[in-house]
Amino acid sequence: MNFVAKIFNKRANWAIPYAIFLAIFVALPLVLIVVYAFQDANGAFTLQNFVKFVEQPEAVNTFIYSIGIALITTILCVLLGYPAAYILANRKLNRSETTVVLFILPMWINILVRTLATVALFDFAKLPLGEGALIFGMVYNFLPFMIYPIYNTLQKMDHSLIEAAEDLGAPPMKVFMKVTVPLSMPGVMSGVMMVFMPTISTFAIAELLTMNNVKLFGTTIQENINNGMWNYGAALSLIMLVIIGITSLFSDGDEQNDGESLL
């Protein structure tokens, strides 16, 4: 009993359960993906899985198409989410915390339930399911993930800098472009990553909103794994993870540059 008490008396030891969870459910699956990606069906080392991806135009085109859909979704989420977050964070325009909850409320509902609701909405309006429905569903599902980080950043920003710019005679638009936007860029980049990464890898939304007529890269990975082609599916997953990792590095660099330019 004394041993257990000593363990939990040290604050750093409270992180042990989280470290175990991350090791089992995050690190181990990633290691398995890497191992399977560089193996053939017999367990021998090979690069054939990656060669197969390059040699298959359909897989490459699906990957490029998925990146395009993810970019369109992310851009639309920024264009719609930033004004919404700005209004929610501005006390002059919004004084009710209930409005904030209403914007965040969709995040509490399972993404498949929201997608099925979108399908029902299109059926009710007699609109065809397809690429347009896919983009609409993507934006609808991931918009709250763009609004919240931007709203959080705008709320916590140093408003004295805005007041100083106004005192120096800067017009409202210049204050917004030169002060508010640079200070809010960390929230924007967080929102971009929270939208872009799941969008490029999703498959359920595409299947439901296009009746399987539009295939995304996540669908390709799912089909290969379901068909027992674990090695090729792992290689495709690794390719996607590398692209996402590179995107994350670029976004971190952009945040640092924005901070340095503001200083």
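**Pockets and helix contacts**

Colleague: Which helices each supply at least two residues of the lining of the second largest pocket?

Modeller: Those are α2 (16–37), α11 (217–226) and α12 (230–262). Helices are DSSP runs of H or I, at least four residues, numbered from the N terminus. A pocket is an open set of 1 Å grid points where a 1.4 Å probe fits, with protein on both sides within 12 Å along at least five of seven lines; lining means an atom within 4 Å of a point.

Colleague: Any caveats?

Modeller: This is a predicted model, with local features needing pLDDT of at least 70 and side-chain atom pairs 80 or more, while totals for chains, interfaces and linings use all residues. Residues are numbered from 1 along each chain, and side-chain values use heavy atoms, without hydrogens or water.

Colleague: Which helix gives the most to the lining of that second largest pocket?

Modeller: α12 does, with seven residues.

Colleague: How much space lies in the second largest pocket, and which residues are closest to its centre?

Modeller: About 310 Å³, as filled by probe spheres on the points. There are 14 lining residues, and Ile-33, Ile-221, Ile-225, Gly-233 and Ser-237 are the closest to the centre. By class, the lining has ten nonpolar, four polar and no charged residues. Asp, Glu, Lys and Arg count as charged, Ala, Val, Leu, Ile, Met, Phe, Trp, Tyr, Cys and Pro as nonpolar, and the others, including Gly, as polar.

Colleague: OK, what about the largest pocket?

Modeller: Its volume is about 480 Å³. The largest pocket has 16 lining residues, with Tyr-86, Asn-90, His-159, Ile-162 and Glu-166 nearest its centre. At least two lining residues come from each of α4 (57–89), α7 (131–156), α8 (159–167) and α9 (172–201). This lining splits into eight nonpolar, four polar and four charged residues.

Colleague: Switching topic, at what angle do α3 and α4 pack?

Modeller: About 80°, and the axes of α3 (residues 48–55) and α4 are 5 Å apart. That is why α3 and α4 are called roughly perpendicular (65 to 115 degrees; under 35 is roughly parallel, over 145 roughly antiparallel, the rest oblique). Phe-53, Val-54 and Glu-55 of α3 make the contact (heavy atoms within 4.5 Å) with Pro-57, Ala-59, Val-60 and Phe-63 of α4. Six of these residues are nonpolar, none polar and one charged.

Colleague: And how do α6 and α7 cross?

Modeller: At roughly 140°, with the axes of α6 (residues 111–124) and α7 coming within 10 Å; axes are fitted to C-alpha atoms over the stretch in contact, and angles run from 0 to 180 degrees between N-to-C directions. That makes α6 oblique to α7.
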